[in-house]
Amino acid sequence: MENIANLSEKQIEIERQLGFCERVREIVMNKYGYKPLAFVHTYGCQQNVSDSEHLKGYLELMGYGFTDDLNEADLVLYNTCAVREHAETRVFGNVGILKANKRQRPNMLICMCGCMAQQTKVSDRIRKSYPYVDILFGTQVRHKFPEFVYRKLTQGKRVFENPKDDSGIFEGIPVHRDGTFKKWLPIMQGCNNFCTYCIVPYVRGREFSREPEDVLAEAKELINSGAKEIMLLGQNVNSYGKNCQHKMTFAGLLREINALEGDFRIRFMTSHPKDCSDELLVAMSECEKVERHLHLPVQCGSDRVLKAMNRHYDSASYLKLIDRARELMPNIQFTSDIIVGFPGETEEDFIKTVELIKRVEYYSLFTFIFSPRPGTPAAEMPDTESKEDKSRRFSEMLKVQEEISLRLNKALIGKKVRLLIEEVDGDMLIGRSSENLVVRIAGKPEDLGTFKNALIVDFDGVLHGKEI
């Protein structure tokens with residue numbers, strides 16, 4: 001837990017940044033003669049989406065409006081992801097396209113931030129090969145965004161800032177929330193796990209938990225503003241409160257939020273199996289507002305590979321968590337992440353993963369072929385398996401999961417669910433249940449953002465229901 005002096009210094013820093021917002025606002029109004037527009041695009045995880053809402057909060061105070069049309073933008077901000085190679089490739093491609101926009105609109109500011117921007121190799125490449133990028137800053141100094149814009153506008157020089165600065169969480173950053181009834185609530189940042197394939201701890205920094213009173217205050221604010229679903233965010237929410245003096249566990253935090261008045265649902269991402277405690281599972285079962293869905297990334301079913309991944313659990317302990325959760329919550333649905341083709345994975349290792357998938361019977365999976373991230377231990381591990389074998393295994397795994405998903409969905413016919421209506425599609429509504437089931441029912445556009453009780457009546461690739 002951070003001491004009072006540090007908290008005071010952080011608040012002073014945020015006040016300083018708010019001062020830069022006022023100065024930038026005056027500059028851009030004089031510079032453009034109209035309300036400038038910002039185009040903000042987010043890559044990657046929910047945490048990045050939440051970060052972008054805070055950066056947009058700053059932009060709003062700096063006098064910017066927002067646009068979804070890149071050609072209208074006076075400022076472009078790409079909030080990047082470094083978890084997979086494909087995401088990085090997309091970012092570089094989209095940054096390359098901006099060269100033409102910059103030529104047509106020389107006053108446009110082009111900014112890049114996020115996990116990619118935290119990496120020195122990316123910063124060096126942008127500095128050398130993309131001279132029209134004006135501002136680049138990493139995840140650990142995102143709270144200084146207004147200062148970076150001010151420096152660029154007043155000094156004219158490019159701003160590149162991606163130092164390692166594990167200074168913790170800065171409260172009081174303004175937020176421009178994009179959602180109306182589904183809202184993000186970060187409860188912590190960073191990661192201490194250092195899985196051998198993952199770049200996140202290197203770019204997000206070490207783990208810090210927000211104070212419970214700050215989380216609860218924001219939760220109340222979200223509920224009062226109409227939130228029907230609150231997504232608690234962290235790289236590993238299960239380790240919330242560790243190394244803090246307040247002793248609040250994630251299970252305790254769930255109970256506190258669940259006790260708040262209002263008709264809303266609580267979701268969370270992401271849970272690490274090594275920190276998924278019985279206390280948490282019991283709390284989930286006893287908190288009526290907490291969803292009956294658990295995303296519990298297993299990554300692999302082979303204990304040998306799990307050890308090489310530095311995951312700190314084995315398949316037996318993972319399955320005990322699954323069984324205990326089902327004992328407490330018979331209607332719970334599980335989803336997970338699976339990596340195929342981790343360096344050194346054999347056919348035998350892969351078969352164990354398939355066996356685990358069959359044993360758990362996940363409702364759905366997020367599946368990936370291993371993508372080496374430079375700077376992680378796994379990127380240096382010998383890999384003897386061919387791309388063809390990895391692709392074959394990947395296809396085989398998908399087929400197994402498709403069969404499981406089909407069986408589970410057909411078994412849902414006749415089940416009653418409570419849906420939060422998330423989308424309108426013509427004369428149909430698309431809702432999501434506490435179990436993370438997506439169901440289509442008839443309804444009206446004004447039903448968006450409301451809860452509806454429904455009976456699942458059919459499955460033809462999607463679940464269909466009728467209101468009851």
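Start by selecting Asp303, which lies in helix H11 (residues 303–309); helices (H or I, at least four residues) and strands (E, at least two) are DSSP runs, numbered from the N terminus. Before you go on, note that this is a predicted model, in which local features need pLDDT of at least 70, side-chain atom pairs count only at pLDDT 80 or more, and totals for chains, interfaces and linings use all residues. Residues are numbered from 1 along each chain as its sequence is written, and side-chain values use heavy atoms, with hydrogens and water left out.

**Around Asp303**

Asp303 counts as partly exposed, at 37% relative accessibility. On this scale buried means under 20% relative accessible area, exposed over 50%, and partly exposed in between (1.4 Å probe, protein chains only). Now add Asp314 to your selection: it is eleven residues from Asp303 in sequence, and their C-alpha atoms are 5.3 Å apart. Leaving aside neighbours within four places in sequence, Asp303 is in contact with Asp314 and Ser315, where contact means heavy atoms within 4.5 Å.

**The loop before H9**

Next, go to Thr249, in the loop between strand E10 (229–233) and helix H9 (250–258). Thr249 is partly exposed, with a relative accessible area of 29%. Once neighbours within four places in sequence are set aside, its contacts are Tyr240 and Glu279. If you draw a distance from the C-alpha of Thr249 to that of Ile468, you should get 38 Å, for two residues 219 apart along the chain.

Stay in this loop between E10 and H9 and pick Lys247. Its phi is positive, about 65°, although Lys247 is not a glycine. Lys247 counts as exposed, at 67% relative accessibility.

**Other backbone stops**

Most residues other than glycine have a negative phi, and most peptide bonds are trans. For another positive phi, select Asn436, where the value is near 70°. Asn436 sits in the loop between strand E16 (428–433) and strand E17 (438–442), and it is buried, with a relative accessible area of 13%. Then look at the peptide bond from Met269 to Thr270, which is cis, with omega near -5°. Thr270 belongs to the loop between strand E11 (265–269) and helix H10 (278–286).

**The nonpolar cores**

Now select Leu232, Phe250, Ile257 and Met284, the residues with the most contacts inside the largest nonpolar core, which has 82 residues. A nonpolar core is a set of buried Ala, Val, Leu, Ile, Met, Phe, Trp, Tyr and Cys residues joined through side-chain atoms within 4.5 Å. Centre on Phe250 and show what it touches: not counting residues up to four places away in sequence, these are Ile187, Leu232, Val237, Asn238, Tyr240, Phe268 and Leu280. A second, separate core of 28 residues includes Ala73, Cys81, Ala87 and Leu98.

**The cysteines**

How many disulfides are there? The count comes to zero, taking a disulfide as a pair of cysteine sulfur atoms within 2.5 Å. Cys81 is in none, and its nearest cysteine sulfur, that of Cys115, is 6.1 Å away. Cys81 counts as buried, at 10% relative accessibility. Select Cys276 as well: its sulfur is 14 Å from the closest cysteine sulfur, in Cys287, too far for a bond. Cys276 is also buried, at 7% relative accessibility.

**The cavity and a pocket**

Last come the empty spaces. On a 1 Å grid over the protein atoms alone, a cavity is a set of points where a 1.4 Å probe fits but cannot get out, and a pocket is an open set with protein on both sides within 12 Å along at least five of seven lines; lining residues have an atom within 4 Å of a point. Grid points are joined across faces, edges and corners, and a volume is the space filled by probe spheres set on the points.

The whole structure has one cavity of 30 Å³ or more; the largest holds about 40 Å³ of space. To find it, select its lining: Asp51, Leu55, Asn79, Cys113, Gly114, Phe137, Gly138, Thr139 and Arg142. H2, strand E4 (109–114) and strand E5 (135–138) each supply at least two of the lining residues.

For the second largest pocket, with about 540 Å³ of space, select His54, Ile169, Phe170, Ile173 and Gln189, which lie nearest its centre among 30 lining residues. Helix H2 (46–61), strand E8 (188–189) and helix H8 (212–224) each give at least two residues to this lining, and the largest share, five residues, comes from H2.
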